[in-house]
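This report looks at surface patches and at the residues around them. Please keep the sequence and the structure in view while reading.

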Amino acid sequence: MKKIVPIIMSIAAVVFGIIFVIVGIKTVSEKDLYDTRIMATVVDVQQEWEESADPDEPDHLVNTAYIDYEYDGKPYEHVLAPEQDDNLQVGDTVEILVQSKNPDKISSLNPTKGGVIFIVLGALVAIAGLVTLIRKFISGR
């Protein structure tokens, strides 16, 4: 059993890494769908204490901003802001991107940023899992 756990963890790392890369590629490929810039208004900022997983790090306050926007005469209310910033306050305006064919889909002004992060992290996790897996089979342990 002790020998199987590292192999299972390596396989899981490869699988999750590949999934992250696919999600990242999908995100980057859909960037052109966000074709309309509009202004949105911050209507709510919810604050919640988050306990740090690291005992050396202090607990901290997390702000979650919600926005209202209107597209083609239709209001979209209390929508999670696509980009969170601790400095956002109720009444602030933010510029967002909207899909004109599906206006309930919104993004920050840089929709590829998250996709690129997913691709890089996914590739690193998959490679690390693959290297570990190969080492296990080469060493025969």
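Leaving aside residues up to four places away in sequence, Trp49 touches Asp59, His60 and Leu61, where contact means heavy atoms within 4.5 Å. The model is predicted, so local features need pLDDT of at least 70 and side-chain atom pairs count only at pLDDT 80 or more, while totals for chains, interfaces and linings use all residues. Residues are numbered from 1 along each chain as its sequence is written, and side-chain values use heavy atoms, with hydrogens and water left out.

Trp49 is found in strand β1, and Asp59 lies in the loop between β1 (34-50) and β2 (60-71); strands (E, at least two residues) and helices (H or I, at least four) are DSSP runs, numbered from the N terminus. Asp59 joins Glu48, Glu50 and Glu51 in a negative surface patch.

A nonpolar surface patch of about 1,000 Å² includes Ile11, Phe16, Ile117 and Val120 among its residues, and the elements that give two or more residues to this nonpolar patch are α1 (4-29) and α2 (112-139). Patches are made of residues with over 30% relative accessible area and no salt bridge (a side-chain nitrogen of Lys or Arg within 4 Å of a carboxyl oxygen of Asp or Glu); like charges are joined within 9 Å, and nonpolar side chains within 5 Å.

Between Trp49 and Ile117, the C-alpha to C-alpha separation is 26 Å, with their positions 68 residues apart in sequence.

The classes below are buried (under 20% relative accessible area), exposed (over 50%) and partly exposed in between, with a 1.4 Å probe and protein chains only.

| Residue | Relative accessible area | Class |
|---|---|---|
| Trp49 | 61% | exposed |
| Asp59 | 43% | partly exposed |
| Val120 | 43% | partly exposed |

Methods: Accessible areas come from the Shrake-Rupley method with a 1.4 Å probe; for residues, only the protein chains shown count as cover. Lys and Arg count as positive and Asp and Glu as negative; His and the chain ends are not counted. The place of a charge is taken as NZ of Lys, CZ of Arg, CG of Asp or CD of Glu.
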